[in-house]
Amino acid sequence: QKDYKLWLQYNTVANSAIATEYKNTLKGIVLLGNSETIKIAGKELKTGFSDMLGNIPEIKPDIKGENNLIVSSESNLNIEIKNELKSDFDKINDEGFIIKTVSFKNKKQIIITGKKDVAVLYGVFNFLRILQTNKSTKNLNIVDSPKTNIRILNHWDNLDRTIERGYAGFSLWNWQKLPDFIDQRYIDYARANASIGINGTVLTNVNANALILTPQYLEKVEALANVFRPYGIKVYLTARFSAPIEIGNLKTADPKDSEVINWWKNKSAEIYKRIPDFGGFLVKANSEGQPGPQNYGRDHVDGANMLADAVAPFDGVIMWRAFVYSEHDANDRAKQAYAEFQPYDGKFKENVIVQVKNGAIDFQPREPFHPLFGAMPKTPLMMEFQITQEYLGFSTHLVFLPKLFQEVLEADTYQKGEGSTVAKVVDGTLYQNKLTGIAGVANIGNDLNWTGHPFAQANWYGFGRLAWNPYLDSKTIADEWLRSTFSNDKNFIEPVKNIMIESREAVVNYMTPLGLHHIMDTGHHYGPGPWVSNLSRPEWNPTYYHKADKNGIGFDRSKTGTNASAQYAPEVEKLFDSLETCPEKDLLWFHHVPWNYKLKNGQTLWNGLALKYQEGVNQVSAMQNVWKKTEKYIDSERFNEVEMLLEIQYKEAKWWRNACLLYFQQFSGKELPDGVEKPTHTLDYFKSLKFPFAPGNG
Ligand code: BDP
């Protein structure tokens with residue numbers, strides 16, 4: 001099954017000139033070292049060569065002749081080569097690699113090296129990508145290091161194997177059969193992650209179950225850690241704050257209680273005894289009903305630092321999430337995380353990193369960047385992206401997320417003057433933070449194709465690439481991914497790349513144009529529900545977010561409203577605060593705008609909104625037309641799957657347009673403009689729809 005192989009298809013190199021070049025520059029392989037990691041690198045090269053070129057170069061015990069591929073860590077390299085590469089070694093960090101054509105004793109060789117074996121493995125995967133994307137292997141000179149330390153997937157996997165917000169089947173982790181049964185999938189998962197530089201995985205849901213910390217389960221976690229280790233992947237777990245009560249028989253989980261402190265210290269020691277390179281804990285505390293330090297009159301700093309002390313002797317890390325609600329600013333959820341966390345700047349221990357979602361609400365199709373980025377100079381902040389498409393059509397909609405990720409990473413916080421981008425906060429260069437990271441909520445399950453939608457694989461891939469280098473362009477990522485996953489034929493790549501790049505704006509247009517947000521239906525977030533107003537927390541209701549009325553629509557977060565704009569640096573605040581300068585893509589995020597307001601294109605807000613919904617539908621229809629023409633370039637299996645999925649996406653885009661426009665029309669009281677198709681059903685019909693089959697909260 002092609003789907004299963006992800007971006008590691010290793011298709012035969014179709015262009016014979018290129019294939020000949022590869023064969024001529026790659027006559028032998030010299031693999032130095034014998035760690036598991038180096039063995040994996042060697043195996044990967046053999047698979048790659050035999051699949052792409054039909055033959056494996058001669059495996060040589062040492063460097064003889066020319067045109068060899070020399071694969072070795074720095075320490076195993078011949079001293080002369082090492083000296084020759086000295087200035088390159090100076091440039092890389094422990095996980096960075098060098099791929100270079102050198103002349104050694106007058107003979108041309110290609111070297112793949114790095115300081116650690118895992119860096120060599122990264123180099124090998126990058127080298128294979130060169131072949132997969134049909135780039136030249138003559139005169140290579142690549143020196144590349146990851147820009148962040150922790151490049152990690154967050155699996156929201158429950159112990160019963162359901163996945164919160166998972167749309168690709170059940171959890172990969174088969175707790176019942178572990179530790180004795182090692183599913184081949186664990187290995188393939190590790191390999192796929194290593195190929196894009198992901199070096200960590202949180203196995204369990206942020207809404208945590210304390211049982212994972214019991215010996216019964218730790219034994220199983222240990223088995224997974226053993227599988228992942230040679231691929232450079234560390235295992236992390238979520239820590240349920242009340243675990244000392246639930247599995248430790250204590251009366252409290254108060255972070256200042258000495259028994260509690262000891263319990264976590266002992267628990268950590270127990271884990272590290274099994275898994276010496278255990279990464280640490282990810283914690284969701286005092287959010288959405290989860291227990292936390294506030295239950296005992298303590299704060300996030302007390303909670304995080306207590307856990308940080310427990311793992312510090314073992315170099316463990318605490319990733320403490322800033323996804324909280326708070327009593328401050330009850331009238332605007334977008335302000336709450338900042339209000340709660342910003343005052344803690346500088347108070348966390350060195351091995352704590354605060355994990356912040358990309359936007360202040362919750363993984364919407366579009367949000368302005370989270371105001372915490374850049375606002376806590378003395379605290380390492382890590383990015384949390386959501387790869388699983390909770391609010392973006394699940395695994396049925398083709399939405400290329402690296403475009404969204406890039407928009408956030410490029411955003412300028414102005415916190416240290418112009419050019420203080422979110423990427424610089426995240427990679428630590430803005431404030432010289434030592435600990436850095438990017439997390440992605442995984443979209444992976446046990447579906448045959450891993451991610452439900454064949455194109456959702458690109459989101460896993462793109463996440464990994466951006467975690468490695470947050471400055472990469474999403475177009476480059478799409479290009480690489482298409483070539484490695486489908487074909488190098490430019491008649492396929494160019495049009496399909498365009499639909500990927502456009503797909504993000506399409507979903508914004510047919511779901512939440514012009515800065516609208518959180519108008520998805522209750523609980524499961526499947527489909528439109530702008531009318532929903534009966535949820536227990538006001539800030540879970542779509543009506544709280546769009547605030548449509550006779551006068552207009554949108555959330556006034558400017559200084560005439562909740563003043564959320566003031567959480568940004570003055571330059572950004574000014575931009576968002578005024579109706580004239582606020583980018584139209586964020587208009588209704590920051591302003592309550594009259595229906596007759598004139599948009600930049602001369603349309604009234606009502607007409608402009610309606611036309612945006614229509615544009616989203618048209619974009620999906622255009623995607624379908626492009627896809628139809630790709631049949632001759634790819635396998636029929638994936639062609640058919642994507643074709644069916646696009647048809648669903650088209651239907652659902654129309655559903656979104658119709659339901660939202662009929663609903664908002666009650667307030668605007670205006671006709672739909674020309675060019676917008678008339679809805680075929682009534683508003684009551686859309687409101688009556690129920691979805692017992694929609695995957696929900698796991
Ligand atoms: C929301 C999800 C919920 C998660 C929560 C979180 O709806 O299932 O538990 O975020 O991130 O997006 O903690």
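Which residue in E6 is the bridge partner of Phe 97? The legends below take up this pairing and other close-up views of the structure, which is a predicted model.

**View 1. The edge of the open sheet at strands E4 and E6.** In E6, Asp 144 is the bridge partner of Phe 97. Strand E4, which covers residues 97-104, is joined to E6 by 4 bridges, and the two strands run antiparallel. Both belong to an open sheet of 6 strands, in which the order is E2-E1-E3-E5-E4-E6 and the pairing is mixed. The edge strands of this sheet are E2 (58-60) and E6 (141-144), each of which pairs on one side only. From one strand to the next, the twist of the open sheet averages 25°.

**View 2. Strand E1 between E2 and E3 in the open sheet, whose order begins E2-E1-E3.** Strand E1 (residues 28-31) pairs with strand E3 (residues 68-73) in the parallel sense, over 4 bridges, and within this pair Gly 28 stands opposite Asn 68 in E3. The pairing of E1 with E2 is likewise in the parallel sense, here over 3 bridges, with Lys 60 in E2 as the bridge partner of Val 30. The loop between E2 and E3 contains Asn 67, a residue other than glycine whose phi nevertheless has a positive value, near 55°.

**View 3. The closed barrel and the pairing of E13 with E14.** The barrel has 8 strands, which run E7-E8-E9-E10-E11-E12-E13-E14 with parallel pairing, and its twist averages 25° from one strand to the next. Strand E13 (residues 381-386) and strand E14 (residues 437-441) run parallel and are joined by 4 bridges. One position in this pair can be located from Glu 384, whose bridge partner in E14 is Ala 439.

**View 4. Helices H7 and H14 against strands of the barrel.** Helix H7 (residues 215-228) packs on the sheet, where H7 touches strand E8 (200-202) and strand E9 (234-238), and the direction of H7 makes about 150° with that of E9. Helix H14, made up of residues 457-468, lies across strand E7 (150-154), E13 and E14, and runs at about 155° to E7.

**View 5. A cis peptide bond in the loop that follows strand E7.** The peptide bond from Leu 178 to Pro 179 is cis, and its omega is near 0°. Pro 179 is found in the loop between E7 and helix H6 (184-195).

**View 6. The packing of helix H14 on helix H15.** The axes of H14 and H15 are 10 Å apart, and the two helices pack at an angle of about 125°. That angle makes H14 oblique to H15, and the crossing in which H14 passes H15 is right-handed. On the H14 side, the residues that take part are Gln 457, Ala 458, Tyr 461, Gly 462 and Arg 465, and these meet Ser 474, Ile 477, Ala 478, Trp 481 and Thr 485 in H15. Divided by class, the residues of this contact are 5 nonpolar, 4 polar and 1 charged.

**View 7. The packing of helix H15 on helix H16.** The axes of helix H15 (residues 474-485) and helix H16 (residues 490-511) come within 10 Å and cross at roughly 130°; the two helices are therefore oblique to each other. Their crossing is right-handed. In H15, the residues Ser 474, Lys 475, Ala 478, Asp 479, Leu 482 and Arg 483 meet Ile 493, Val 496, Lys 497, Met 500 and Ile 501 in H16. By class, this contact has 6 nonpolar, 1 polar and 4 charged residues. Ser 474 and Ala 478 of H15 are among the residues that meet H16, and they are also among those that meet H14.

**View 8. The residues around the ligand.** The ligand is surrounded by 12 residues, of which the closest are Glu 164, Val 206, Lys 284, Phe 323 and Asp 362. When this shell is divided by class, it has 3 nonpolar, 3 polar and 6 charged residues.

Key:
Residues are numbered from 1 along each chain as its sequence is written. This is a predicted model: local features need pLDDT of at least 70, side-chain atom pairs count only at pLDDT 80 or more; totals for chains, interfaces and linings use all residues. Two strands pair if DSSP finds at least two bridges between them. Axes are lines fitted to C-alpha atoms, for helices over the stretch in contact, and angles run from 0 to 180 degrees between N-to-C directions. Two residues are in contact if their C-beta atoms, placed from the backbone, lie within 7 Å. Angles under 35 degrees count as roughly parallel, over 145 as roughly antiparallel, 65 to 115 as roughly perpendicular and the rest as oblique. A crossing is left-handed if the near helix is turned anticlockwise from the far one by less than a right angle, and right-handed if clockwise. Ala, Val, Leu, Ile, Met, Phe, Trp, Tyr, Cys and Pro count as nonpolar, Asp, Glu, Lys and Arg as charged, and the others, Gly among them, as polar. A residue is near a molecule or strand if its C-beta atom, placed from the backbone, lies within 6 Å of it.
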